[in-house]
Amino acid sequence: MSDPGRPRVASSAMDGAGSPTERAIRVLLADDHMLVRDVLSERLNREPGITVVAKAVDAEQAVNLSGTHRPDVVLMDIDMPGLICFDAAERIMTLLPATRIVFLSAFFNDRYIEQALRIKARGYVTKREPPEVVIAAVRQVAAGGVFFSDDVRARMIVDVDDVRLADEPTTRNSTLTPRELEVLRYIARGLSKKEIASTMSISVKTIENHCGSLMTKLGIHDRVVLARYAIREGLAEA
């Protein structure tokens, strides 16, 4: 079991008055499993200096509640239905640049970690960790640091100013832009072009352009085959 007191990557103090170090840390918890939400929320609320201001059942609700409650830290499950968590995290950080994202997941493969690092999430905690480790992550991230579970850190190179995967991806997926990968994940989930366009708030024509680019880069020339490829790569779970 991990030691919750063990430092997880160098951290730095936040600047400015009213930082989370001077008041209760405001946390938004997003998980589609009610038991996880309730148990973790109850434990966090018992911790001095931490307050759960809202609980979301999916990523889209997390975006909406973030705008209302302006949390310091968002604890977000990676595998939820609907809006993809990485897209939701980007929307939250665009809306609230001071809000830190910490992902919670039962999975810690390179694909998830790469996407978390790409959007500059401040932490990634596996669900096998005890609540004390989640609490440590909230405190460290709210103070301006970063926090990654040991299983996640084992797959990363940690520098003074940056963190990245130990092995740079060399798969076909690594040639895709973040937007193309996002479209591919929605294709894996079985969404139509119109549904993807609505979810991503862009035009159907743009989605068609992304699909064309995906097929060219992946050497696939049929949408059904493209969907099968995305599912086989596990992108429906991303």
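This report describes a predicted model of a protein chain, moving from the overall fold to one helix, one loop and several salt bridges.

## The chain as a whole

The protein chain is built with 10 helices and eight strands, and 48% of its 238 residues count as buried. When contacts with a separation of 6 or more are considered, 65% of them in this chain come from residues that are 24 or more positions apart. The chain exposes about 11,300 Å², and carbon and sulfur atoms supply 52% of that area.

## Helix H2 and its surroundings

Helix H2 covers residues 59-69, and its buried residues are Ala59, Ala62, Val63, Leu65 and Ser66. An α-helix has 3.6 residues a turn, so residues three or four places apart point the same way. What covers the buried residues of H2 includes three strands, namely S1 (25-30), S2 (50-56) and S3 (73-77), together with helix H3 (85-95).

Both ends of this helix show a local detail that can be found in the model. At the start of H2, a side-chain oxygen of Asp58 comes to within 3.3 Å of the backbone nitrogen of Glu60, while just after H2 the residue Arg70 takes a positive phi of about 50°.

## Pro97 in a loop

Where does Pro97 lie in the chain? Pro97 is found in the loop between H3 and strand S4, which runs over residues 100-105. Pro97 has a relative accessible area of 69%, and it is therefore classed as exposed, the cut-off for that class being over 50%. Although Pro97 and Asp72 are 25 residues apart along the chain, their C-alpha atoms are separated by 9.9 Å.

## A salt bridge between distant parts of the chain

Side chains of opposite charge can pair when their charged atoms come close. The structure holds 14 salt bridges, and in one of them the side chains of Asp31 and Lys127 meet with a distance of 2.9 Å from N to O. This pair links distant parts of the chain, since Asp31 sits in the loop between S1 and helix H1 (34-45), whereas Lys127 sits in the loop between strand S5 (123-126) and helix H5 (131-142), 96 residues apart.

Are the two partners buried or exposed to some degree? Asp31 is buried, because its relative accessible area is 0%, whereas Lys127, with a relative accessible area of 34%, is partly exposed.

## Salt bridges at Arg43 and Arg179

Arg43 forms a salt bridge with Glu47, and the closest N and O atoms of this pair are 3.3 Å apart. Arg43 has a relative accessible area of 17% and is buried, and Glu47, with a value of 18%, is buried as well; both values fall under the 20% limit that defines the buried class. Arg43 and Glu47 also belong to a network of salt bridges in which they are linked with Glu132 and Arg139.

Another salt bridge joins the side chains of Arg179 and Glu182, at 3.2 Å from N to O. Both of these residues lie in helix H7 (residues 178-188), where they are three residues apart, or about one turn of the helix. Arg179 counts as partly exposed at 32% relative accessibility, while Glu182, at 3%, counts as buried.

Methods: Residues numbered from 1 in each chain as written. Predicted model: local features only at pLDDT ≥ 70, side-chain atom pairs only at ≥ 80, totals over all residues. Heavy atoms only, no water. Buried < 20%, exposed > 50% of the residue type's maximum accessible area, 1.4 Å probe, protein only. Helix = DSSP H or I, 4+ residues; strand = E, 2+ residues; numbered from the N terminus. Contact = heavy atoms within 4.5 Å. Polar contact = N/O pair within 3.5 Å; in protein donor to acceptor, adjacent residues only side chain to side chain. Areas by Shrake-Rupley, 256 points an atom, 1.4 Å probe, with all protein chains shown as cover. Salt bridge = Lys/Arg side-chain N within 4 Å of Asp/Glu carboxyl O.
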